Amino acid sequence: MEFNIQWRDMVQADIDEFKELKEQVIRSAEECYRYRIDIENYRDSPQGKSDSEVPQYMINNLEQLKKERINYDILYETFEVNELKMLLAFIKYLELPFPIDNEYGLDIITAGEKVPIVFSYENLNENITCLWDTNYKITKVSRGYDAENIDRMDIFLKGIDKLRPDVLALELTSDDGQRIVDGYMSGDISEEDARIGLFWDHASVGPYDDYTRILYFAKENGITVKAVDMVTKDYKRTFNLSTFQQGSDLTEYEKQNEISKVKTRFIKGQLDEIVTYGDVLLIIGAGHRPNLLGSMG
């Protein structure tokens, strides 16, 4: 499809609208989180304590939480619709996945956190390319709104086919995930068992995502598949650290960022090892970008 400058302007308008809405959703979610912590403290007060002994702001926050939650739900529904609109604009006028350093001059990175808001490529170095996964629920959401089906496996396959790496690195646990991958590739695990196994292995795999489509493509094209996320016991231990428990001073986003720092340090070590096999394409959540880039420095 020949490039038209008007297409860029139309797609950029969708991107800008989505970015602004995303910031509103994040702020609303943080407000909900703050009120919820106060309410949990209220509920944890000694039994038999009268309302007069409970700080008034905690009681007030119960009502405020209800209002914020309604506001958040409305915002998030609009957020999902706008995301579909934005991605459909790309599919109609341009191409997905889309390189961050692109020829059309589209601004596809959010302000502040520098997280891509469309499925996009980025070269980390001469041997490692990232395909940033911007939303693991997008397939489910697109079906829920009766939109043109956006299957992120199609997006991933388009990226793998375009780059044809020697090694495909996936954000799956490097013990259980790798065992499932190896079993499928060798024929010891059926397609259905592999699909279900990967669903339980990784938080971003849902019943609407069939990762065996990726494994089949890799197998047919001689691409080595490596799982590069933390080992299962370390993953669970990290999530169970008191720092990440409910009621800590960290917001939900801060908790996820701290976990991401641990994950990306581990993934960086895995990449250093598998890059010896050849060129690597890593598919990983876009939210990890700031921490992964920092670990590569």
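Just after helix 4, R164 takes a positive phi of about 45°. This is a predicted model, and helix 4 is a good place to start reading it. That helix covers residues 152-163 and brings one half of an aromatic pair, F156, up against F119. From there we can move on to P97, the nonpolar core and H288.

**Helix 4**
- Helix 4 is twelve residues long, and the distance from its first C-alpha to its last is 17 Å, close to the 16 Å expected at 1.5 Å a residue.
- At the start of this helix, D151 puts a side-chain oxygen within 2.8 Å of the backbone nitrogen of M153.
- Which residues of helix 4 are buried? They are R152, M153, I155, F156, L157, G159 and I160.
- As general background, an α-helix has 3.6 residues a turn, so residues three or four places apart point the same way.
- The buried residues of helix 4 have plenty of partners: they pack against strand 2, strand 3 (128-133), helix 3 (138-144), strand 4 (167-173), helix 7 (212-220) and strand 6 (280-285).

**Aromatic rings**
- There are eight aromatic pairs in the structure.
- One of them is F98 with Y104: the ring centres are 5.6 Å apart and the planes sit at 35°, so this pair counts as tilted.
- F98 and Y104 are both buried.
- F119 and F156 make an edge-to-face pair, with 6.3 Å between the centres and 70° between the planes.
- That pair ties together distant parts of the chain, 37 residues apart: F119 comes from the loop between strand 1 (98-99) and strand 2 (120-123), while F156 belongs to helix 4.
- Are these two rings buried or exposed? F119 is buried, at 0% relative accessibility, and F156 is buried as well, with a relative accessible area of 0%.
- Elsewhere, F18, Y72, Y76 and F79 come together as one aromatic cluster.
- Y184 has a charge for company: the charged end of K219 sits over its ring, 5.9 Å from the centre.

**P97**
- Look for P97 in the loop between helix 2 (56-93) and strand 1.
- P97 is buried because its relative accessible area is 2%, under the 20% cut-off.
- Leaving aside residues up to four places away in sequence, P97 touches F119, S120, Y121, L131, I155, K158 and G159.
- Two of those contacts, I155 and G159, are among the buried residues of helix 4.
- P97 and L131 are 34 residues apart along the chain, with 7.7 Å between their C-alpha atoms.

**The nonpolar core**
- The largest nonpolar core has 74 residues, and F90, I108, L168 and L282 touch the most other members.
- Helix 2 is the top contributor to this core, giving ten residues.
- What does F90 touch, not counting residues up to four places away in sequence? The list is V11, I15, E95, L96, F98, L106, I108 and V118.
- In soluble globular proteins, nonpolar side chains tend to be buried together.

**H288**
- H288 lies in the loop between strand 6 and helix 10 (289-296).
- With 13% relative accessibility, H288 counts as buried.
- The H288 side chain makes a polar contact of 3.1 Å with the side chain of E171, and another of 2.7 Å with the side chain of S260.
- Apart from residues up to four places away in sequence, H288 touches E171, S260, K263 and T264.

Terms used. Residues numbered from 1 in each chain as written. Predicted model: local features only at pLDDT ≥ 70, side-chain atom pairs only at ≥ 80, totals over all residues. Heavy atoms only, no water. Phe/Tyr/Trp six-rings, centres within 6.5 Å; stacked < 30°, edge-to-face > 60°. Buried < 20%, exposed > 50% of the residue type's maximum accessible area, 1.4 Å probe, protein only. Helix = DSSP H or I, 4+ residues; strand = E, 2+ residues; numbered from the N terminus. Lys NZ or Arg CZ within 6 Å of the ring centre and 35° of its normal. Expected span 1.5 Å × (residues − 1). Contact = heavy atoms within 4.5 Å. Polar contact = N/O pair within 3.5 Å; in protein donor to acceptor, adjacent residues only side chain to side chain. Core = buried A, V, L, I, M, F, W, Y, C linked by side-chain atoms within 4.5 Å.
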